[in-house]
Amino acid sequence: MNDATKWIEHLKLEHHPEGGWYHEVYRSDETIEVQALPGRYNLAHCFSTSIYFLLDTKDFSAFHRISSDETWHFYLGSPVIIYILFPEGNILTIVLGNCLAEGQVLQYTIPRNCWFAAQNQDVNEFSLLGCTVSPGFEFQDFELGRRQSLLELFPIHEKIINLLTRS
């Protein structure tokens, strides 16, 4: 049994639709009524949610977007490269890890409605991360990127879109 399998079992992780493994560890017991939220939401949301998220070797988090800001936290394993596609077409690459001297960051917040994907910097290692979403995550706010649609929106980023989408 490899280290990733041990963490998957210990943390009771399940497959995530974007790739990787997850388990929700926190969901606020207080909610924000839909009338108090911006128009992009059509149901009440809890204040905040958080999950454990694991990328196993050679796996990736496919391009997706959500309606809320999402903060990724690095815990252990390979550093993780996050690619963020902004609506105007710019791309930003962030490396989550614990080697601050190399420019890695321990956490980073992806702005709402940006397309983003992630992969392990070392594809032979796994990564254990955390993700916090506020207002809290609901699967109805989640949109998995379709390769052809993303290529039409961001043709200049064809290589990374082809690499980090699923057919």
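This report walks through the strands, cores, aromatic groups and a few backbone details of a predicted model.

**Strands and sheet**

Let's start with the sheet. Six strands make up an open sheet, and their order is β1-β2-β5-β12-β7-β10. The pairing in this sheet is antiparallel. At its edges sit β1 (14-15) and β10 (107-110), each of which pairs on one side only. Within the sheet, β2 (residues 21-27) runs antiparallel to β5, and six bridges link these two strands. If you would like a residue pair to look for, take Tyr 26, whose bridge partner in β5 is Ser 50.

As background, strands of a sheet pair through backbone hydrogen bonds, and the pairing can be parallel or antiparallel.

Another pairing to look at is that of β8 and β9, which are antiparallel and joined by six bridges. Here Ile 82 has Ile 94 of β9 as its bridge partner. The two strands form a hairpin, with five residues between them. In the turn of this hairpin, Gly 89 has a positive phi of about 110 degrees.

**Two nonpolar cores**

Now for the side chains packed inside. The largest nonpolar core has 18 residues. Phe 53, Trp 72, Val 80, Ile 82 and Ile 84 are the residues with the most contacts inside this core. Ile 82 therefore counts as buried, since a nonpolar core is built from buried residues. Two or more residues of the core come from each of β5 (49-55), β7, β8 (80-85), β9 (91-96), β11 (115-120) and β12 (127-134).

A separate core of 14 residues lies apart from the largest one, and Phe 60, Leu 151, Phe 154 and Ile 161 are among its members. Phe 60 has a charged neighbour as well: Arg 166 lies over the face of its ring, at 4.0 Å from the ring centre.

**Aromatic residues**

The whole structure contains seven aromatic pairs. One of these is formed by Phe 137 and Phe 139, an edge-to-face pair with centres 4.9 Å apart and 80 degrees between the planes. Phe 137 also pairs with Phe 142: their ring centres are 6.4 Å apart and their planes stand at 75 degrees, so this pair is edge-to-face too. The 75 degrees matter here because planes over 60 degrees apart count as edge-to-face. Tyr 22 joins Phe 137, Phe 139 and Phe 142 in one aromatic cluster.

How exposed are these rings? Phe 137 is buried because its relative accessibility of 16% is under the 20% limit. Phe 142 is likewise buried, at 16%. Phe 139, at 38%, is partly exposed, because this value falls between 20% and 50%.

**Ser 68 and the cis proline**

Ser 68 is a good residue to zoom in on. You will find Ser 68 in the loop between β6 (60-65) and β7 (69-77). With a relative accessible area of 3%, Ser 68 is buried. Its side chain makes a polar contact of 2.7 Å with the side chain of Tyr 41. The Ser 68 side chain also reaches the backbone oxygen of Pro 135, at 3.0 Å. Leaving aside residues up to four places away in sequence, Ser 68 touches Tyr 41, Ile 110, Arg 112, Val 133, Ser 134 and Pro 135.

Which peptide bond is cis, with omega near -15 degrees? That bond runs from Ser 134 to Pro 135, and both of these residues are among those that Ser 68 touches. Pro 135 belongs to the loop between β12 and β13 (143-144).

**Positive phi outside glycine**

Finally, two lysines have a positive phi although neither is a glycine, and the table sets them out.

| Residue | Phi | Loop | Relative accessibility |
|---|---|---|---|
| Lys 12 | about 55 degrees | between α1 (3-10) and β1 | 60%, exposed |
| Lys 58 | about 60 degrees | between β5 and β6 | 60%, exposed |

Lys 12 counts as exposed because its 60% is over 50%. For Lys 58 the reasoning follows the 60% value in the table, which is also over 50% and therefore exposed.

Definitions and conventions: Residues are numbered from 1 along each chain as its sequence is written. This is a predicted model: local features need pLDDT of at least 70, side-chain atom pairs count only at pLDDT 80 or more; totals for chains, interfaces and linings use all residues. Side-chain values use heavy atoms; hydrogens and water are left out. Helices (H or I, at least four residues) and strands (E, at least two) are DSSP runs, numbered from the N terminus. Buried means under 20% relative accessible area, exposed over 50%, partly exposed in between (1.4 Å probe, protein chains only). A polar contact is a pair of N or O atoms within 3.5 Å; within protein, one must be able to donate a hydrogen and the other to accept it, and residues adjacent in sequence count only if both atoms are side-chain atoms. Contact means heavy atoms within 4.5 Å. Rings of Phe, Tyr and Trp (its six-membered ring) pair if their centres lie within 6.5 Å; planes under 30 degrees apart count as stacked, over 60 as edge-to-face and the rest as tilted. A charge sits over a ring if NZ of Lys or CZ of Arg is within 6 Å of the ring centre and within 35 degrees of the ring normal. A nonpolar core is a set of buried Ala, Val, Leu, Ile, Met, Phe, Trp, Tyr and Cys residues joined through side-chain atoms within 4.5 Å. Two strands pair if DSSP finds at least two bridges between them.
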